[in-house]
Structure formats: C-alpha cells, structure tokens
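Me: I would like to learn how to read the features of a protein model, one at a time. Could you take me through this one slowly?

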Amino acid sequence: MTPWLKTAASVLCAAMLATTTAGDVTGGLPRSDGFVARIDLTGAIGPAAAEYVDASLRHAARDGATAVVLQLDTPGGLSDSMRQIIASILASRRPVIGYVAPGGARAASAGTYILYACAIAAMAPGTHLGAATPVSLGGSGTLPSPAASSPGAPSAATDAESNKVINDAVASIRSLAQLNGRNADWAAQSVQGAATLTADEAVQKHVVDLVAADLPTLFARLEGRRVHVDGQEVLLHLSNLPVRSYEPNWRTHLLGLITHPTIAYLLLLAGIYGLVLEAFHPGVVLPGVAGAICLLVGLYALQLMPVNYAGLALMLLGVGLVLAEALVPSVGAIGIGGVVAFVIGSIMLFDAGVPGYAVNLGMIAGIALGGVVVLVILLRLVARTRRVRTFNGDEQMLLATGELTQPLDAAGDGWARIGGEQWRVHGDASMPAGSRIRVVGRDGLLLRITRA
C-alpha cells in the first residue's frame, strides 16, 4: 500500500472512531451528560412557537440533557399551537420545568395550560398567571361560561357551542392538574371565570410548586425532589449543573415572521397587486413572479392562523371594486364601495380576541388611505378627460387648416397635409402648391377645401 493510501485510511479510521465516541450531534453541540436545557417561550403562542418547543425538546433529549427549563412569558395564543406544545411536553422523556420569569412576566391564557402540563411549575417574584378562558374564533371575544347562560341569550345553538368549548377547556386543564397533582378546582375557575393569581398566591393555592428568583435558586430548591416522567419516577439532581440555551433556528424565525398577522396581510396584498400589475402589463415578468411568490407564502401563513374567511372575501371584493373603478368609471361609487369593503374585511380578517393575532389598525388605515388617494386621482383624470375637446370627427375636421402639397386645378382634386396627415382634397378654384387651405366639408375620405 502506498504511503498516501495508508495516510487516508488512518484519517478515515480516526474520523469513524471520533464519530462513534462522540455520539449524537445536534445543532453543532456534542452529546454530553449533566446539563439543563433552557427553552425561552416568549410572546404570542403560534405555529412557530410550537415547532420551536417541539424541536428543542427533541434536541435536548438527544444531547443528553438532565432536565429542561421552559421559561414562559406569554399573553397566550392559538389553541392548536398550545395543544401541540402540551403534547410535546407530555411526550418528553426529560423532566420539563415550567418557569414563569423574569419578574413582570406572565403565563396567561394558553400559557396557563402549558404551565399546568409541566412536571414542575415555578414562578419568579412579581409574575402572574391565569385568565385561561378560551377565545371564540368568530372574533366575538371570550366565550361566556356555562353558568352565564340566561333566557335572554341570543340563541340556544350559540349557548350550546359556547358550553361545548368551555367544558372541553375545563376538562383539558383539569386533567393536566390531576396528572401533576395540582389544584384542579382553581384551574377550572381560571377557564370559567378568567381568574388570575400572583406568584405567592399561586403557591398558597397549590397551583404552582414554588417561587424562585432565578435559575440557581430554582435548581437548589428542586434538589432531591421526585417527579413522574413518562410513567417513571425521576429524582432531580440539578444543583451546580450548567445551563445550555436552545435558541430558535432560521426556520423558526422565518415561520414566526411570515405568520405574524401584519406580515401575512402585506404578503397577501403584495401577491394580489403583483399579479394584477402583470395582467395589465404583460411581459414585465417581475411583478408577476414576485406576486405569485408573495401570494403563495401569504396563503400558507393564513392556513396556519385563525382566519375569518368572510373578512378575506370582503378584502378581495374591495380590491376588485377598486380595479373596476379604474376600468369602468362610475363617479367614485364603485371605488368607494371597494375601499369600505376592503377596510371592513381587513379588520375582520384575523381574530382580534387572540393575543398577538390582529393586523395593526394603523397599517389598515394607511393602505385604505392610499386606496382613497388612488381613487381621487382616477376621478380627477376622468373629469379632466371629459373636459378635453375631441381630436377627431367632422366637427374637428371643419376647424382644421393645412397646406397643399401639389397644385390644385379648378374643380379638381389634389393632396394636402392636414394635421400631419396626407388627405385627398377637392377645391372649387385653382391653387398653387404650398397654399394655405381650410376644410369646409367632408365626403368620406375626401375633404372639401377653400383658401384659408
């Protein structure tokens, strides 16, 4: 064997040995025992947050984490994303410690459910949790509790639907409370009555396990505690263990960006107007390509969020009416209707009752104002066009003057340049070439002239 082959074989064997001894590698971090993984769940809970928590829990388990701290500061969010996070927590083979921090943070609405799902629930001083009443996806705000039904309610069907949602939410949070041995009665109150608690009150009512100012204090107070994870009892030894943070990757950041209601709204509009511009100016290409991409990305984002399809239909109707105003002027009636439909649809598009999932009203107002400005410009152009005199027809030809391009015999025909065009002309008197003439009548394509 040649020397370079021996060298290559040695390098290959060393690489295989290093891979075998190093174990699994995730995110560039080698597998190692004896650390606590930290996942920061901040802001509204949506599809990006659910994917981030699930991926981080799996990565932490593969990296050999002893436990996972899920640090919460959230106003709530989408119920589907919340359930995905809860399912990931319950499926985790590492103890998950829910920790509401730092001071001033909250675990409201969906955050309360997530905290109840954790094997250990802790809070920092100055934090609070609760107000877990589910929000109606119809955009009517929080649903009434079953006890709030009265004979004067709008309809029995509405009450029945509300009761089903409330009862399902109560059963869900009570099951999580019973699973981890916490106060199930207060959990039901947080759903039915939107009850809230401070950190100290939560400990007194056995809603959370303890209050800790920081992670080292939390780990010290949990030392030697037994928890049940995946059907097994686990003894916690977390003191002096290092903490490894798991940050969102580029995919999570991208998903979080496009599922932001305002960004999804702008993508949808950019897609529609890009395709419209391409339709009016075929061959430009760039608006059509960019519009198609924006529209597809916007539609992908919409199907991940609580969208009111009546609002989406009103938006499309509004855009269509504004375009119709440009093609079929109606003194503003169609265009004004389009702007009104667009504004109402934009407000209805997302459920404003879900925390963090509503289009910025200033953005809607700005786009609507832009539509009004375009409409006013169109109306002014239409009005100006109606005041401009016509440039063809018999009336205009009778006012036209020109110049003979060849001599004209008496009662003969010839040619003249009139308005930059060559016309066959007929006169009653002879005129030399270059004479100034005036049109006095027309017989089809033959103009009758006289000397100007």
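**Reading the model feature by feature**

Reply: Tyr-265 is buried, and Phe-342 is buried as well, where buried means under 20% relative accessible area, exposed over 50% and partly exposed in between, with a 1.4 Å probe and protein chains only. This is a predicted model, in which local features need pLDDT of at least 70 and side-chain atom pairs count only at pLDDT 80 or more, while totals for chains, interfaces and linings use all residues. Residues are numbered from 1 along each chain as its sequence is written, and side-chain values use heavy atoms, with hydrogens and water left out.

Me: How many aromatic pairs are there, and how is such a pair recognised?

Reply: Rings of Phe, Tyr and Trp (its six-membered ring) pair if their centres lie within 6.5 Å, and planes under 30 degrees apart count as stacked, over 60 as edge-to-face and the rest as tilted. By this rule the count comes to one aromatic pair. Tyr-265 and Phe-342 form this tilted pair, with 6.4 Å from centre to centre and 40° between the planes. Because Tyr-265 lies in helix α10 (residues 261-280) and Phe-342 in helix α13 (residues 333-349), the pair ties together parts that are 77 residues apart in sequence. Helices (H or I, at least four residues) and strands (E, at least two) are DSSP runs, numbered from the N terminus, and the protein has 15 helices and 18 strands.

Me: How should I describe the packing of helix α4 and helix α6?

Reply: Two packed helices are described by the angle between their axes and by the distance between those axes. The axes are lines fitted to C-alpha atoms, for helices over the stretch in contact, and the angles run from 0 to 180 degrees between N-to-C directions. Here helix α4 (residues 110-117) and helix α6 (residues 184-192) pack at an angle of about 165°, with their axes 11 Å apart. That makes α4 roughly antiparallel to α6, since angles under 35 degrees count as roughly parallel, over 145 as roughly antiparallel, 65 to 115 as roughly perpendicular and the rest as oblique. The contact (heavy atoms within 4.5 Å) is made by Thr-112, Tyr-113 and Tyr-116 of α4 together with Trp-186, Ala-187, Ser-190 and Val-191 of α6.

Me: Where is Val-439, and which residues does Val-439 touch?

Reply: Val-439 is placed in strand β17 (residues 436-443), and its relative accessibility of 2% is why Val-439 counts as buried. Leaving aside residues up to four places away in sequence, Val-439 touches Met-397, Leu-398, Ala-400, Ile-418, Leu-447, Arg-448 and Ile-449. Val-439 and Ile-449 are ten residues apart in sequence, and their C-alpha atoms are 4.5 Å apart in space.

Me: Which details of the backbone should I look at next?

Reply: One is the peptide bond joining Ala-101 and Pro-102, which is cis, with omega about -5°; Pro-102 is found in the loop between β5 (96-100) and β6 (106-108). Another is a positive phi in a residue other than glycine, as in Ala-194, where phi is near 55°. Ala-194 lies in the loop between α6 and β9 (196-198), and Ala-194 is partly exposed, with a relative accessible area of 38%. Ala-131 also has a positive phi, of about 50°, although Ala-131 is not a glycine, and its place is in the loop between β8 (128-130) and α5 (156-179).
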